[in-house]
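Please walk me through the aromatic rings of this structure. Which of them pair up, and how are they placed?

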Amino acid sequence: QVKLVESGGGSVQAGGSLRLSCAVSGYSVSSKCMAWFRQAPGKEREGVAFTDIYRGTRYADSVKGRFTLSRDNAKNTVYLAMNSLKPEDTAMYFCAARLSVNCGSLSVAAFSVWGQGTQVIVSS
């Protein structure tokens with residue numbers, strides 16, 4: 001019943017920008033913890049950005065100042081704006097929902113619903 005669908009990935013040159021979208025159905029993004037994760041080939045899936053109504057948004061150190069997570073409650077969509085992209089940002093990006101108000105643990109295991117992922121490739 002809860003479904004997340006990512007879009008907006010693509011290939012860009014280093015220094016470029018992309019905005020990822022996560023369309024959510026089955027529940028309201030304004031009432032639950034939402035997050036973006038990424039996974040590069042041969043690496044573990046890692047949290048990129050998280051948001052809830054209590055602590056606002058939190059970011060991994062590697063993307064602070066470059067990525068911005070936002071929510072459009074009217075569209076029930078979560079976004080990840082990515083600026084000043086680097087080759088090390090290359091990965092499959094996933095939208096995830098914890099289905100709770102407070103994000104709490106930011107581990108992969110804490111999130112129960114995942115999108116299919118969207119590929120981001122940064123060339124240099």
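Phe 94 is buried in this predicted model. Its relative accessibility is 10%, and the cut-off for buried is under 20%, so Phe 94 qualifies. Trp 114 is partly exposed instead, at 23% relative accessible area. That value falls between the limits of 20% and 50%, which means neither buried nor exposed applies to Trp 114.

A pair of aromatic rings is described by the distance of the centres and the angle of the planes. The search of the whole structure turns up six aromatic pairs. Take Phe 37 and Phe 50. Their ring centres are 5.5 Å apart and their planes meet at 85°, so this pair is edge-to-face. Phe 37 sits in strand β4 (residues 34-39). Phe 50 sits in strand β5 (residues 46-52). The two are 13 residues apart, and their pair links distant parts of the chain. Both rings belong to buried residues: Phe 37 has 1% relative accessibility, and Phe 50 has a relative accessible area of 6%.

Now back to Phe 94 and Trp 114. They also form an edge-to-face pair, with 6.4 Å centre to centre and 80° between the planes. Phe 94 is part of strand β9 (residues 91-97), and Trp 114 is part of strand β10 (residues 113-114), so the contact ties together parts 20 residues apart in sequence.

These four residues come together with Phe 111 in one aromatic cluster: Phe 37, Phe 50, Phe 94, Phe 111 and Trp 114.

Charges meet rings too. The charged end of Arg 45 sits over the ring of Trp 114, 4.9 Å from the centre. Elsewhere, Arg 19 lies over the face of Tyr 79, at 4.2 Å from the ring centre.

Methods. Residues are numbered from 1 along each chain as its sequence is written. This is a predicted model: local features need pLDDT of at least 70, side-chain atom pairs count only at pLDDT 80 or more; totals for chains, interfaces and linings use all residues. Side-chain values use heavy atoms; hydrogens and water are left out. Rings of Phe, Tyr and Trp (its six-membered ring) pair if their centres lie within 6.5 Å; planes under 30 degrees apart count as stacked, over 60 as edge-to-face and the rest as tilted. Helices (H or I, at least four residues) and strands (E, at least two) are DSSP runs, numbered from the N terminus. Buried means under 20% relative accessible area, exposed over 50%, partly exposed in between (1.4 Å probe, protein chains only). A charge sits over a ring if NZ of Lys or CZ of Arg is within 6 Å of the ring centre and within 35 degrees of the ring normal.
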